[in-house]
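Me: Hi! Could you walk me through this structure with some questions and answers?

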Amino acid sequence: MEMRRLFGFLIFWSVQVCRGSDLFLWPQPQIVEAIDRSCHLISPTFTISVPAGSPKLLRAAASRYKRQVCTEKWSAVSIQARISSQSAQATISRLVISVSDLRAGLQNGVDESYTLVVSEGDSASIVSNTTWGALHGLETFSQLVQFDSQARKLFISYGVRITDWPLYSHRGLLLDTSRNFFPVKDILRTIQALSYNKLNVFHWHISDSHSFPLLLESEPELSKKGSYGPEFTYSRQDVKRIVAFARSRGVRVIPEIDAPGHTASWGAAYPEMLTCLGKMWWDPNTQDWSKRMASEPGAGQLNPLHPKTYQVLKHIIEEVTALFPDSFYHAGADEIAPGCWNASEELSRLVSSGNATMGSLLELFVNRTYPMIASRNKTVVYWEDILLDAAVNVSADLLPRGSTVIQTWNNGAINTKAVTSAGYRAVVSSSDFLYLDCGRGDFLLNDSRFDQPNRTVVPPSLSITGDDASFNYGGSGGSWCAPYKTWQRIYDFDLAYGLTRQEAALVIGAEAALWSELADANVLDGLVWPRTSALAEVTWSGNRDSSSKKRTTEAGKRLVEWRERMVSRGVAAHPMMPRWCILNHGLCNINI
């Protein structure tokens with residue numbers, strides 16, 4: 001009995017009473033000024049007002065966040081951070097939003113800054129230049145609100161002034177919906193979570209070698225024959241719903257129709273315009289990776305000499321650019337396998353005669369398709385391979401720097417530097433840091449590298465050669481990009497590492513990527529969150545404090561609580577630690 005009394009006494013004294021309460025904001029704002037830290041209750045009649053003439057989008061956001069605030073159920077899990085609202089007497093009864101430019105469109109580089117003040121009597125205010133900044137301000141305001149479960153009261157941290165803006169204009173997530181299908185409801189929930197984290201790009205990798213799930217009126221056979229079935233497709237109405245939902249939350253939707261590689265799924269409709277269709281993707285007995293037909297199962301590439309290729313692509317580009325209003329269109333152009341084009345007698349003969357190279361074949365393809373996209377007033381996004389692949393690439397002179405963005409994924413900072421030093425804007429998706437599928441095994445069912453009974457697994461940190469190197473592929477997570485990317489690994493990422501000031505200025509942002517060989521809707525939330533939240537802070541306000549020291553420990557303290565808040569909002573984010581560690585803050589840390 002005495003021990004229980006003592007434990008209760010300790011808990012009582014560890015609970016803070018409003019003043020000096022911690023702020024568990026994610027991502028961390030740029031500037032947080034504590035004026036007179038205390039807490040106020042949220043009034044039962046709390047309202048959010050928007051400027052006269054506000055667009056429907058902002059009015060709807062105000063209503064949505066009013067519901068969010070007034071139904072908040074989250075309170076800090078850590079005992080040391082838990083707040084009691086017993087001493088709070090004053091109330092916050094309204095939030096007033098002011099926007100200078102209500103017409104600014106949602107596009108790369110739009111002003112997303114805002115100022116939030118919660119220190120003026122019974123009102124709080126958000127001042128922003130655009131609607132998109134106001135949306136971020138609303139999100140931050142909602143994160144200042146907690147629920148006192150004992151008193152059954154809502155309260156907000158008071159005496160706070162926040163001035164905020166993002167470091168990078170492009171902050172996003174790639175989701176692959178070709179290898180495995182994701183229902184619309186799961187995509188919408190993911191976009192909602194992006195907005196919670198102030199991420200503003202949903203890169204929709206729609207099609208690939210495995211399926212073509214997008215229903216197109218101009219090319220209906222592509223999804224009819226190339227999808228997994230009618231229930232695994234996205235209609236025009238689905239696309240419009242997703243785009244509108246995302247826009248209402250400040251998230252851009254960038255479509256990717258990958259070509260000329262990764263197009264085996266097109267072959268069911270138009271086999272005549274593909275090479276190496278249906279062939280085994282790679283014969284490991286050859287030990288020659290350069291002769292592969294594809295980089296993973298699903299061989300087939302568009303034939304750059306076949307006229308049907310450009311007839312179909314013209315229809316696709318016209319319809320997709322009309323469906324997706326964003327100014328970016330991702331055209332792919334990654335992992336083009338020379339072996340696949342060499343499987344065509346026509347192409348092989350042309351190359352062997354010296355009248356063409358693999359690079360010139362790709363240049364032919366780009367020369368025909370780039371104008372189709374650019375004429376639709378789109379910035380063309382390509383994967384880095386188009387410039388940097390050792391076997392199949394094009395001259396930089398072919399791609400106008402003003403209307404081209406390159407997305408990097410290999411060799412970390414090395415490839416980012418190669419792209420930016422060539423004068424291109426870059427979106428960084430380094431597989432060393434940002435590939436969310438890594439380290440979770442592979443999907444090949446007969447991989448003999450795993451048939452090693454009673455053999456010690458070699459730590460992946462060691463340098464290994466020969467048979468041990470092959471075995472280590474299985475031992476270190478069974479995927480080419482192992483190990484698994486923890487939130488700490490992602491948070492440690494420096495997008496501009498090794499770049500000059502001029503090169504760093506060309507990095508417009510980053511995306512985490514969830515390729516779906518081993519993912520579907522059942523595991524979506526846990527694979528994406530809270531790891532992508534780590535990228536959200538890196539791209540919003542960085543990973544260093546005012547003294548330029550990495551703030552990983554402090555960030556972890558906020559992130560475990562942010563994960564709990566996301567769960568309370570319906571996002572099934574993966575746990576970061578035992579709940580005991582959250583309750584006993586600091587006892588699960590390590591000093592090294």
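Me: Is Ile97 buried or exposed?

Reply: Glad to start there, keeping in mind that this is a predicted model. Ile97 sits in strand β2, which covers residues 91-101. Its relative accessible area is 3%, and the cut-off for a buried residue is under 20%. So Ile97 counts as buried.

Me: Which residues is Ile97 in contact with, leaving aside neighbours within four places in sequence?

Reply: One of them is Ile48, which is 49 residues away along the chain. The C-alpha atoms of Ile97 and Ile48 are nevertheless separated by 7.5 Å. With those sequence neighbours left aside, the contacts of Ile97 are Ile48, Ser49, Val50, Pro51, Ile126, Ala134 and Leu138.

Me: What share of the contacts with a separation of 6 or more is made by residues 24 or more positions apart?

Reply: Let's take the whole protein here. It has 592 residues, of which 55% count as buried, and its secondary structure comes to 19 helices and 16 strands. Among contacts with a separation of 6 or more, the share from residues 24 or more positions apart is 77%.

Me: Why is strand β12 described as largely enclosed by the rest of the structure?

Reply: Look at both sides of the strand. Phe328, His330 and Gly332 point one way, while Tyr329 and Ala331 point the other way, and all are buried. In a regular strand, side chains alternate between the two faces of the sheet. Strand β12 is largely enclosed because the number of its five residues that are buried is five.

Me: Which strands pair with β12, and in what sense?

Reply: Strand β9, residues 252-259, pairs with β12 over two bridges, and Ala259 stands opposite Gly332. Strand β13, residues 379-383, pairs with β12 over four bridges, with Val380 as the bridge partner of Tyr329. The partners are therefore β9 and β13, and the sense is parallel for β9 and for β13.

Me: Which helix gives the most residues to the largest nonpolar core?

Reply: That core has 100 residues, and those touching the most other members are Trp204, Trp266, Ile316, Tyr382 and Ile386. Eight of the core's residues come from the helix that gives the most, residues 358-374, and that helix is α10.

Me: Which residues does Ile316 touch, not counting those up to four places away in sequence?

Reply: Ile316 is one of the residues that touch the most other members of the largest nonpolar core. One residue it touches, Tyr329, belongs to β12, the strand we met above. The full list for Ile316 is Phe212, Leu216, Ser218, Glu219, Leu222, Ile257, Trp266 and Tyr329.

Me: What is the relative accessibility of Thr532?

Reply: Thr532 lies in helix α17, residues 531-540. Aside from neighbours within four places in sequence, Thr532 is in contact with Leu173, Leu199, Leu436 and Ala512. Thr532 counts as buried, because its relative accessibility is 0%.

Me: How far apart are the C-alpha atoms of Gly586 and Thr553?

Reply: Gly586 is found in the segment after α19. With a relative accessible area of 34%, Gly586 is partly exposed. Gly586 and Thr553 are 33 residues apart along the chain, and the separation of their C-alpha atoms is 9.6 Å.

Me: Which element gives the largest share of the lining of the second largest pocket?

Reply: This pocket holds about 760 Å³ of space. Of its 29 lining residues, Trp487, Gln488, Gly556, Met577 and Asn589 lie nearest its centre. Elements giving two or more residues to the lining are α14, α18 and α19. The largest share, six residues, comes from α18.

Me: How many nonpolar, polar and charged residues are in the lining of the largest cavity?

Reply: The model has six cavities of 30 Å³ or more, and the largest has a volume of about 100 Å³. Its lining has 15 residues, with Ser209, His262, Ala294, Ser295 and Gly298 closest to its centre. By class, the lining of the largest cavity divides into four nonpolar, seven polar and four charged residues.

Technical notes:
Residues numbered from 1 in each chain as written. Predicted model: local features only at pLDDT ≥ 70, side-chain atom pairs only at ≥ 80, totals over all residues. Heavy atoms only, no water. 1 Å grid on protein atoms, 1.4 Å probe; cavity = no way out; pocket = protein on both sides within 12 Å on 5 of 7 lines; lining within 4 Å. Points joined across faces, edges and corners; volume = space filled by probe spheres on them. Buried < 20%, exposed > 50% of the residue type's maximum accessible area, 1.4 Å probe, protein only. Pairing = 2+ DSSP bridges. Core = buried A, V, L, I, M, F, W, Y, C linked by side-chain atoms within 4.5 Å. Contact = heavy atoms within 4.5 Å. Nonpolar A, V, L, I, M, F, W, Y, C, P; charged D, E, K, R; others polar.
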